[in-house]
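Work through the two exercises below with the structure open. The first concerns a helix and its surroundings, the second a sheet.

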Amino acid sequence: MEAMARPLPDALLALPHRRDVPFSKLTTLGVGGTCRWLFEPVTEAQAQAFVRTCAREGLPWRTLGGGSNLVVLGDVEAPVLRLNLSRDLARDGLEVRASASHGHIRLSQAVADLGLSGLEYASGIPGTVGGALHMNAGAYGRELVDVLVRYRFLTPDGDLVEKAPEPGEFRYRWSVVGDGRVALGLTVRLAEGDPARIRALVEDYRRRRGTSQPLSKRNAGCIFKNPPGQSAGRLIDQAGLKGLRVGDAEVSPEHGNFLVNHGAATSAQFAELMAQVRAKVLDRHGITLEPEVEIWDSHGPITG
Ligand code: EPU
(Lines give C-alpha, C1' and ligand atoms only; values in the text may rest on other atoms or scores of the structure.)
Protein backbone atom coordinates (compact mmCIF):
# COMPACT_ATOMS: atom_id res chain seq x y z
CA MET A 1 0.00 0.00 0.00
CA GLU A 2 1.13 3.47 -0.86
CA ALA A 3 1.48 5.52 2.31
CA MET A 4 -0.16 8.94 2.14
CA ALA A 5 2.28 10.72 4.42
CA ARG A 6 0.42 14.03 4.73
CA PRO A 7 -3.04 15.45 4.22
CA LEU A 8 -3.84 16.81 0.77
CA PRO A 9 -3.46 20.60 0.38
CA ASP A 10 -6.59 22.76 0.65
CA ALA A 11 -6.06 24.00 -2.90
CA LEU A 12 -6.74 20.43 -4.09
CA LEU A 13 -9.62 19.76 -1.73
CA ALA A 14 -11.36 22.88 -3.12
CA LEU A 15 -11.62 21.12 -6.51
CA PRO A 16 -14.47 18.71 -7.38
CA HIS A 17 -13.55 15.28 -6.04
CA ARG A 18 -14.86 11.96 -4.75
CA ARG A 19 -13.43 9.56 -2.18
CA ASP A 20 -13.00 5.79 -2.29
CA VAL A 21 -14.24 4.89 -5.74
CA PRO A 22 -13.64 1.24 -6.72
CA PHE A 23 -11.58 0.80 -9.88
CA SER A 24 -14.17 -1.73 -11.02
CA LYS A 25 -16.34 1.34 -11.72
CA LEU A 26 -13.53 3.32 -13.36
CA THR A 27 -12.05 0.75 -15.74
CA THR A 28 -13.52 -1.48 -18.43
CA LEU A 29 -11.52 -4.47 -17.17
CA GLY A 30 -12.93 -4.13 -13.68
CA VAL A 31 -9.85 -5.32 -11.80
CA GLY A 32 -8.09 -3.40 -9.02
CA GLY A 33 -8.68 -1.91 -5.62
CA THR A 34 -9.91 1.49 -4.57
CA CYS A 35 -9.16 4.92 -5.92
CA ARG A 36 -8.86 6.89 -2.67
CA TRP A 37 -8.96 10.37 -4.24
CA LEU A 38 -10.62 11.00 -7.59
CA PHE A 39 -10.42 14.61 -8.81
CA GLU A 40 -12.83 15.54 -11.59
CA PRO A 41 -12.24 19.13 -12.77
CA VAL A 42 -14.95 20.56 -15.02
CA THR A 43 -12.82 23.36 -16.48
CA GLU A 44 -9.31 23.61 -17.85
CA ALA A 45 -8.57 26.18 -15.14
CA GLN A 46 -9.47 23.63 -12.45
CA ALA A 47 -7.29 21.02 -14.15
CA GLN A 48 -4.48 23.54 -14.22
CA ALA A 49 -4.96 24.28 -10.51
CA PHE A 50 -4.73 20.54 -9.81
CA VAL A 51 -1.47 20.09 -11.74
CA ARG A 52 0.09 23.30 -10.43
CA THR A 53 -0.72 22.38 -6.83
CA CYS A 54 0.67 18.86 -7.18
CA ALA A 55 3.82 20.21 -8.86
CA ARG A 56 4.33 22.85 -6.17
CA GLU A 57 3.83 20.34 -3.34
CA GLY A 58 5.90 17.61 -5.02
CA LEU A 59 2.85 15.35 -4.86
CA PRO A 60 2.76 12.33 -7.19
CA TRP A 61 -0.53 11.90 -9.04
CA ARG A 62 -1.98 10.03 -12.03
CA THR A 63 -4.30 10.73 -14.94
CA LEU A 64 -7.26 8.53 -15.78
CA GLY A 65 -9.30 8.68 -18.98
CA GLY A 66 -12.01 6.21 -19.91
CA GLY A 67 -10.12 3.42 -18.12
CA SER A 68 -10.31 1.18 -21.18
CA ASN A 69 -6.57 0.63 -21.58
CA LEU A 70 -5.67 0.32 -17.94
CA VAL A 71 -4.93 -2.55 -15.57
CA VAL A 72 -4.95 -1.55 -11.89
CA LEU A 73 -3.17 -3.86 -9.50
CA GLY A 74 -4.17 -2.58 -6.06
CA ASP A 75 -5.40 0.46 -4.16
CA VAL A 76 -4.17 3.86 -5.28
CA GLU A 77 -3.64 6.48 -2.58
CA ALA A 78 -2.18 9.15 -4.86
CA PRO A 79 -4.66 11.69 -6.23
CA VAL A 80 -6.10 10.62 -9.58
CA LEU A 81 -7.14 13.24 -12.14
CA ARG A 82 -10.09 12.46 -14.39
CA LEU A 83 -11.15 15.44 -16.49
CA ASN A 84 -14.84 16.14 -16.75
CA LEU A 85 -14.65 18.90 -19.38
CA SER A 86 -17.41 19.98 -21.74
CA ARG A 87 -18.16 17.40 -24.42
CA ASP A 88 -19.32 19.95 -27.00
CA LEU A 89 -17.74 19.66 -30.43
CA ALA A 90 -16.75 22.72 -32.47
CA ARG A 91 -16.63 22.48 -36.26
CA ASP A 92 -14.83 24.91 -38.54
CA GLY A 93 -14.97 23.70 -42.14
CA LEU A 94 -13.06 20.42 -42.27
CA GLU A 95 -11.66 20.86 -38.79
CA VAL A 96 -13.32 19.53 -35.64
CA ARG A 97 -12.27 20.38 -32.12
CA ALA A 98 -13.02 18.19 -29.09
CA SER A 99 -12.06 18.18 -25.45
CA ALA A 100 -10.12 15.36 -23.85
CA SER A 101 -13.29 14.23 -22.04
CA HIS A 102 -15.19 13.54 -25.24
CA GLY A 103 -15.77 9.83 -25.93
CA HIS A 104 -13.48 8.57 -28.67
CA ILE A 105 -16.14 6.37 -30.30
CA ARG A 106 -18.66 9.20 -30.01
CA LEU A 107 -16.25 11.53 -31.80
CA SER A 108 -15.83 9.00 -34.60
CA GLN A 109 -19.62 8.69 -34.89
CA ALA A 110 -20.26 12.42 -34.68
CA VAL A 111 -17.86 13.31 -37.48
CA ALA A 112 -19.27 10.45 -39.60
CA ASP A 113 -22.74 11.99 -39.10
CA LEU A 114 -21.33 15.31 -40.33
CA GLY A 115 -20.17 13.58 -43.54
CA LEU A 116 -16.51 13.94 -42.58
CA SER A 117 -14.11 11.12 -43.38
CA GLY A 118 -10.87 10.15 -41.61
CA LEU A 119 -11.89 8.79 -38.22
CA GLU A 120 -13.83 5.73 -39.38
CA TYR A 121 -11.06 3.42 -38.08
CA ALA A 122 -11.72 4.78 -34.57
CA SER A 123 -15.36 3.67 -34.48
CA GLY A 124 -14.53 0.72 -32.23
CA ILE A 125 -11.76 2.17 -30.07
CA PRO A 126 -13.16 2.92 -26.60
CA GLY A 127 -11.92 5.49 -24.11
CA THR A 128 -11.73 9.25 -24.19
CA VAL A 129 -10.18 11.64 -26.69
CA GLY A 130 -7.57 12.36 -23.99
CA GLY A 131 -6.71 8.67 -23.81
CA ALA A 132 -6.52 8.49 -27.60
CA LEU A 133 -4.04 11.38 -27.57
CA HIS A 134 -2.05 9.80 -24.76
CA MET A 135 -1.72 6.48 -26.64
CA ASN A 136 -1.89 7.73 -30.24
CA ALA A 137 -4.80 5.29 -30.55
CA GLY A 138 -5.03 3.34 -33.76
CA ALA A 139 -6.51 0.39 -35.61
CA TYR A 140 -6.51 -1.08 -39.10
CA GLY A 141 -3.30 0.70 -40.11
CA ARG A 142 -4.52 4.19 -39.13
CA GLU A 143 -3.78 6.21 -36.03
CA LEU A 144 -4.81 9.49 -34.49
CA VAL A 145 -1.73 11.44 -35.59
CA ASP A 146 -2.78 10.88 -39.24
CA VAL A 147 -5.62 13.40 -38.81
CA LEU A 148 -4.34 15.49 -35.91
CA VAL A 149 -3.61 19.15 -36.66
CA ARG A 150 -3.34 20.59 -33.15
CA TYR A 151 -3.38 19.30 -29.61
CA ARG A 152 -3.65 20.97 -26.29
CA PHE A 153 -2.15 19.86 -23.00
CA LEU A 154 -0.81 20.86 -19.61
CA THR A 155 2.91 20.50 -18.96
CA PRO A 156 4.02 18.76 -15.74
CA ASP A 157 4.22 22.27 -14.19
CA GLY A 158 0.67 23.10 -15.26
CA ASP A 159 1.43 25.42 -18.19
CA LEU A 160 -1.07 25.26 -21.03
CA VAL A 161 0.33 24.52 -24.50
CA GLU A 162 -1.46 24.17 -27.83
CA LYS A 163 0.61 23.11 -30.81
CA ALA A 164 0.79 21.16 -34.06
CA PRO A 165 2.21 17.64 -33.82
CA GLU A 166 5.86 17.35 -34.81
CA PRO A 167 7.90 14.35 -35.93
CA GLY A 168 8.81 12.09 -33.02
CA GLU A 169 5.94 13.23 -30.81
CA PHE A 170 3.56 10.42 -31.86
CA ARG A 171 4.57 6.82 -32.55
CA TYR A 172 2.91 3.40 -32.46
CA ARG A 173 0.70 3.46 -29.34
CA TRP A 174 2.86 6.17 -27.74
CA SER A 175 2.78 9.93 -27.60
CA VAL A 176 4.65 12.70 -25.89
CA VAL A 177 1.39 13.59 -24.08
CA GLY A 178 1.88 10.59 -21.82
CA ASP A 179 5.12 11.87 -20.32
CA GLY A 180 3.62 13.59 -17.27
CA ARG A 181 1.51 15.86 -19.46
CA VAL A 182 -2.28 16.06 -19.36
CA ALA A 183 -4.17 16.04 -22.65
CA LEU A 184 -6.86 18.74 -22.73
CA GLY A 185 -8.15 18.45 -26.28
CA LEU A 186 -7.44 18.26 -29.97
CA THR A 187 -8.32 19.49 -33.43
CA VAL A 188 -8.53 17.01 -36.28
CA ARG A 189 -8.69 17.84 -39.99
CA LEU A 190 -10.91 15.51 -41.96
CA ALA A 191 -12.04 15.20 -45.58
CA GLU A 192 -15.45 15.76 -47.11
CA GLY A 193 -16.86 12.31 -47.85
CA ASP A 194 -19.94 10.50 -49.04
CA PRO A 195 -22.03 9.91 -45.88
CA ALA A 196 -23.22 6.47 -47.05
CA ARG A 197 -19.64 5.35 -47.73
CA ILE A 198 -18.43 6.69 -44.38
CA ARG A 199 -21.25 4.87 -42.55
CA ALA A 200 -20.45 1.65 -44.43
CA LEU A 201 -16.77 1.90 -43.40
CA VAL A 202 -17.72 2.57 -39.77
CA GLU A 203 -19.97 -0.49 -39.80
CA ASP A 204 -17.28 -2.61 -41.46
CA TYR A 205 -14.64 -1.70 -38.85
CA ARG A 206 -17.12 -2.36 -36.05
CA ARG A 207 -18.12 -5.71 -37.50
CA ARG A 208 -14.48 -6.80 -38.00
CA ARG A 209 -13.69 -5.91 -34.43
CA GLY A 210 -16.79 -7.66 -33.12
CA THR A 211 -15.97 -10.91 -34.91
CA SER A 212 -12.30 -11.11 -33.80
CA GLN A 213 -12.40 -9.61 -30.30
CA PRO A 214 -14.24 -10.69 -27.12
CA LEU A 215 -16.16 -7.46 -26.71
CA SER A 216 -18.92 -8.98 -24.57
CA LYS A 217 -16.46 -9.71 -21.74
CA ARG A 218 -14.78 -7.17 -19.49
CA ASN A 219 -11.43 -6.42 -21.11
CA ALA A 220 -8.75 -3.76 -21.51
CA GLY A 221 -8.24 -4.21 -25.26
CA CYS A 222 -4.97 -5.67 -26.43
CA ILE A 223 -2.76 -6.34 -23.43
CA PHE A 224 0.61 -6.53 -25.19
CA LYS A 225 2.14 -4.46 -27.98
CA ASN A 226 2.67 -6.12 -31.31
CA PRO A 227 6.41 -6.78 -31.59
CA PRO A 228 7.76 -5.30 -34.87
CA GLY A 229 6.45 -7.35 -37.78
CA GLN A 230 4.54 -9.72 -35.48
CA SER A 231 1.12 -10.05 -33.89
CA ALA A 232 1.14 -10.58 -30.13
CA GLY A 233 -2.25 -12.28 -30.43
CA ARG A 234 -0.93 -14.79 -32.93
CA LEU A 235 2.21 -15.48 -30.85
CA ILE A 236 0.06 -16.16 -27.77
CA ASP A 237 -2.29 -18.31 -29.84
CA GLN A 238 0.60 -20.31 -31.35
CA ALA A 239 1.98 -20.90 -27.85
CA GLY A 240 -1.33 -22.66 -27.08
CA LEU A 241 -2.36 -20.20 -24.40
CA LYS A 242 -5.95 -19.40 -25.40
CA GLY A 243 -8.23 -20.47 -22.57
CA LEU A 244 -5.38 -20.37 -19.99
CA ARG A 245 -7.06 -19.31 -16.78
CA VAL A 246 -6.02 -18.01 -13.37
CA GLY A 247 -9.15 -17.70 -11.26
CA ASP A 248 -11.56 -15.45 -13.13
CA ALA A 249 -8.86 -14.07 -15.46
CA GLU A 250 -8.56 -15.84 -18.80
CA VAL A 251 -6.69 -15.59 -22.10
CA SER A 252 -9.65 -15.11 -24.40
CA PRO A 253 -10.44 -18.12 -26.58
CA GLU A 254 -11.43 -15.58 -29.29
CA HIS A 255 -8.26 -13.43 -29.42
CA GLY A 256 -4.98 -14.32 -27.72
CA ASN A 257 -4.05 -10.73 -26.92
CA PHE A 258 -7.22 -10.13 -24.92
CA LEU A 259 -7.09 -11.17 -21.28
CA VAL A 260 -10.64 -11.04 -19.99
CA ASN A 261 -12.22 -10.76 -16.57
CA HIS A 262 -15.09 -13.20 -16.14
CA GLY A 263 -16.45 -11.09 -13.30
CA ALA A 264 -14.49 -11.62 -10.12
CA ALA A 265 -10.84 -11.57 -11.25
CA THR A 266 -8.52 -10.10 -8.65
CA SER A 267 -5.46 -7.97 -9.29
CA ALA A 268 -3.24 -10.86 -8.22
CA GLN A 269 -4.93 -13.28 -10.63
CA PHE A 270 -4.61 -10.84 -13.49
CA ALA A 271 -0.94 -10.11 -12.75
CA GLU A 272 -0.23 -13.84 -12.53
CA LEU A 273 -1.94 -14.52 -15.87
CA MET A 274 0.04 -11.74 -17.58
CA ALA A 275 3.28 -13.10 -16.13
CA GLN A 276 2.49 -16.63 -17.29
CA VAL A 277 1.68 -15.46 -20.82
CA ARG A 278 4.92 -13.47 -21.05
CA ALA A 279 7.01 -16.36 -19.71
CA LYS A 280 5.43 -18.89 -22.06
CA VAL A 281 5.73 -16.69 -25.14
CA LEU A 282 9.38 -16.05 -24.28
CA ASP A 283 9.94 -19.77 -23.85
CA ARG A 284 8.16 -20.73 -27.07
CA HIS A 285 9.15 -17.86 -29.40
CA GLY A 286 12.13 -16.17 -27.69
CA ILE A 287 10.18 -12.88 -27.71
CA THR A 288 9.51 -10.71 -24.66
CA LEU A 289 6.07 -9.15 -24.93
CA GLU A 290 5.76 -5.59 -23.63
CA PRO A 291 2.50 -4.35 -22.11
CA GLU A 292 0.37 -2.21 -24.40
CA VAL A 293 -2.00 -1.37 -21.58
CA GLU A 294 -1.01 1.02 -18.85
CA ILE A 295 -0.44 -0.78 -15.57
CA TRP A 296 -0.85 0.90 -12.19
CA ASP A 297 0.19 -0.73 -9.00
CA SER A 298 0.07 0.76 -5.53
CA HIS A 299 3.55 2.21 -5.89
CA GLY A 300 3.22 3.99 -9.21
CA PRO A 301 2.47 3.44 -12.87
CA ILE A 302 4.44 0.72 -14.63
CA THR A 303 4.11 1.46 -18.29
CA GLY A 304 5.20 -0.63 -21.20
N1 EPU B 1 -4.31 -13.90 -34.78
C2 EPU B 1 -4.24 -15.21 -34.46
N3 EPU B 1 -4.69 -15.62 -33.24
C4 EPU B 1 -5.20 -14.74 -32.33
C5 EPU B 1 -5.28 -13.38 -32.65
C6 EPU B 1 -4.83 -12.98 -33.90
O7 EPU B 1 -3.77 -16.04 -35.24
O8 EPU B 1 -5.58 -15.19 -31.24
C9 EPU B 1 -3.87 -13.47 -36.11
C10 EPU B 1 -5.04 -12.97 -36.95
O11 EPU B 1 -5.66 -14.03 -37.62
C12 EPU B 1 -4.37 -12.00 -37.89
C13 EPU B 1 -3.21 -11.44 -37.07
O14 EPU B 1 -3.00 -12.36 -35.99
O15 EPU B 1 -3.83 -12.69 -39.01
C16 EPU B 1 -3.49 -10.03 -36.54
O17 EPU B 1 -4.66 -10.10 -35.72
P18 EPU B 1 -5.71 -8.88 -35.64
O19 EPU B 1 -6.14 -8.51 -37.02
O20 EPU B 1 -6.73 -9.24 -34.64
O21 EPU B 1 -4.86 -7.67 -35.17
P22 EPU B 1 -3.87 -7.55 -33.95
O23 EPU B 1 -2.51 -7.26 -34.51
O24 EPU B 1 -3.99 -8.64 -32.98
C25 EPU B 1 -4.14 -4.94 -33.79
C26 EPU B 1 -4.25 -4.00 -32.64
C27 EPU B 1 -5.68 -3.93 -32.15
C28 EPU B 1 -6.58 -3.48 -33.28
C29 EPU B 1 -6.42 -4.48 -34.44
C30 EPU B 1 -7.19 -4.06 -35.66
C31 EPU B 1 -2.22 -3.97 -31.26
C32 EPU B 1 -1.54 -4.57 -30.08
N33 EPU B 1 -3.42 -4.50 -31.55
O34 EPU B 1 -4.46 -6.24 -33.26
O35 EPU B 1 -5.71 -2.93 -31.13
O36 EPU B 1 -7.93 -3.46 -32.86
O37 EPU B 1 -5.03 -4.56 -34.82
O38 EPU B 1 -6.54 -2.96 -36.25
O39 EPU B 1 -1.71 -3.05 -31.89
C40 EPU B 1 -5.79 -2.33 -28.82
O41 EPU B 1 -5.02 -1.41 -29.11
O42 EPU B 1 -6.20 -2.50 -27.65
C43 EPU B 1 -6.19 -3.26 -29.86
C44 EPU B 1 -6.96 -4.30 -29.60
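**Exercise 1.** Determine which elements the buried residues of helix H3 pack against, and which face of the helix they line.

Solution. The model is predicted.

Step 1. List the buried residues, taking buried as under 20% relative accessible area. In H3, residues 104-113, these are His104, Leu107, Ser108, Val111 and Ala112.

Step 2. Look down the axis of H3. The buried residues fall within an arc of 130°, so they line one face of the helix.

Step 3. Check the other side of H3, where Arg106 and Asp113 are exposed.

Step 4. Find the contacts of the buried residues of H3. They pack against two strands and two helices: strand S7 (95-99), strand S8 (116-117), helix H4 (129-135) and helix H5 (195-212).

Step 5. Inspect the backbone just after H3. Gly115 has a positive phi of about 75° there.

**Exercise 2.** Establish the strand order of the open sheet that contains S17, S18 and S19, and identify the helix that packs on this sheet.

Solution.

Step 1. Read off the order. The three strands run S17-S18-S19, with antiparallel pairing.

Step 2. Assign the edges. Strand S17 (245-246) and strand S19 (259-261) each pair on one side only, which makes them the edge strands.

Step 3. Examine the pairing of strand S18 (residues 249-251) with S19. Three bridges join these antiparallel strands, and Val251 stands opposite Leu259 in S19.

Step 4. Place the helix. Helix H7 (residues 267-285) packs on the sheet and touches S17, S18 and S19. The direction of H7 makes about 25° with that of S18.

Terms used: Residues numbered from 1 in each chain as written. Predicted model: local features only at pLDDT ≥ 70, side-chain atom pairs only at ≥ 80, totals over all residues. Heavy atoms only, no water. Buried < 20%, exposed > 50% of the residue type's maximum accessible area, 1.4 Å probe, protein only. Helix = DSSP H or I, 4+ residues; strand = E, 2+ residues; numbered from the N terminus. Arc of directions from axis to C-beta. Contact = heavy atoms within 4.5 Å. Pairing = 2+ DSSP bridges. Axes fitted to C-alpha atoms, helices over the stretch in contact; angles between N-to-C directions.
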